[in-house]
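Work through the following exercises with the sequence and the predicted model side by side. Each task is followed by a solution in steps.

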Amino acid sequence: MEWMSDPSAGAWLRARLDAGYETMHGVVPRGFPAYARVFHPAFVRSLPDRGVPTSDELMRMPESERQALVDRFIDEPASWADTAAAFGTTLHPLAQWQRIVRTPVDGDWRTRIAPDGREFTAPMEGELEPEVLAAIAAHLVDHTQTPDTGFAALWEGRGGLLGFFGITPSRAFLTFTDDPNHQAMLDRSAHDPFNNVFRKPTWQEGILSREISEGPRFSLPGRDHVLFSAAPRAFADPDWVLRVPWRDRPGEEHGFPPAAQSPSLLWPEDHAWVLVTEVDFDSTIVAGSSELIAAICADERLEALPLPEGADLTWDADAVNR
């Protein structure tokens, strides 16, 4: 995989996008025979060794007992279908998370407690777990004539991805030390950037090199991306995070496990399909042949439903669960 200093390979996508965001085609190209919506997994918190107390039971518990239970909760992936069943709602292609979990207009839709006492947390937006992307990519490579040649685009706005001129880094890592002198130095370094008005901006390193950070972008309406040549076949292996040039090595140096941003867009050289993980979407859209969409929707590792062209995935589009 290599950075593309010439982003013109993505021009065909821009020509197929709508000017507005009334439908999914503000970010998903038109003109494909079929579309699939792959729902990102949600998360559910429950107790591993006993029945989950209802929300009313939790409220009546003494604080110490309630906290002891909370400390024993475990988080597990949850499908949208399981979530809908817990809240008595309906999963359908245009479903919106806040409607699935019956959130009032001014309520917190990211974390909701179901009537059975389980706590559901919203799916990640704009990001696919490596295993989920690998499951999708296994089908993608079977439906292109160029599985070893293609392109991956990353939205530039992810924290830490790009370097820039500034006073402070785009992200900070928590550091512990027993050395009082070292700790004093850390305290000064954290304090000074916000108080020393004479400090000049300097280059703050990102995951990607300075050449890439300052280089040309692949621009779509409202979104700029860094473009790479990338074989679609490479993403069919969950270990793709170890081989991409945007692997988060600074994070690893601070003790975090290997990780890498999933592509915002992925397509093969023959344009047989395109995968779109829009930063504000809690699902990934795949556009391609009818056969590809049928295979993705039939895969038990994925939670996916077919979408019609022109589908509305905006906040208030879920008319079924109102």
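**Exercise 1.** Determine which strands pair with strand S7 (residues 150-155), in which sense they run, and how far S7 is enclosed.

*Solution.* Begin with strand S12 (residues 265-268), which runs antiparallel to S7 and is joined to it by four bridges; within this pairing, Gly150 stands opposite Pro268. Turn next to strand S11 (residues 223-229), where five bridges, again in the antiparallel sense, connect it with S7, and where His225 is the residue that stands opposite Trp155. Finally, consider burial, taking a residue as buried when its relative accessible area is under 20%: five of the six residues of S7 meet this condition, so the strand is largely enclosed by the rest of the structure.

**Exercise 2.** Identify the buried residues of helix H10 (residues 290-298), explain how they are arranged around the axis, and name the elements they pack against.

*Solution.* The buried residues of H10 are Leu292, Ile293 and Ile296. Because they cover an arc of only 95 degrees around the axis, they lie on the same side of H10. This agrees with a general rule: an α-helix has 3.6 residues a turn, so residues three or four places apart point the same way. The face turned away from the buried side carries the exposed residues Glu291 and Ala298. As a last step, follow the contacts of the buried residues, which pack against strands S2 (34-39), S14 (283-288) and S15 (304-307) as well as helix H6 (130-140).

**Exercise 3.** State how many helices and strands the protein has, and what share of its residues is buried.

*Solution.* The protein has ten helices and 15 strands, and buried residues make up 44% of its 322 residues.

Notes:
Residues numbered from 1 in each chain as written. Predicted model: local features only at pLDDT ≥ 70, side-chain atom pairs only at ≥ 80, totals over all residues. Heavy atoms only, no water. Helix = DSSP H or I, 4+ residues; strand = E, 2+ residues; numbered from the N terminus. Buried < 20%, exposed > 50% of the residue type's maximum accessible area, 1.4 Å probe, protein only. Arc of directions from axis to C-beta. Contact = heavy atoms within 4.5 Å. Pairing = 2+ DSSP bridges.
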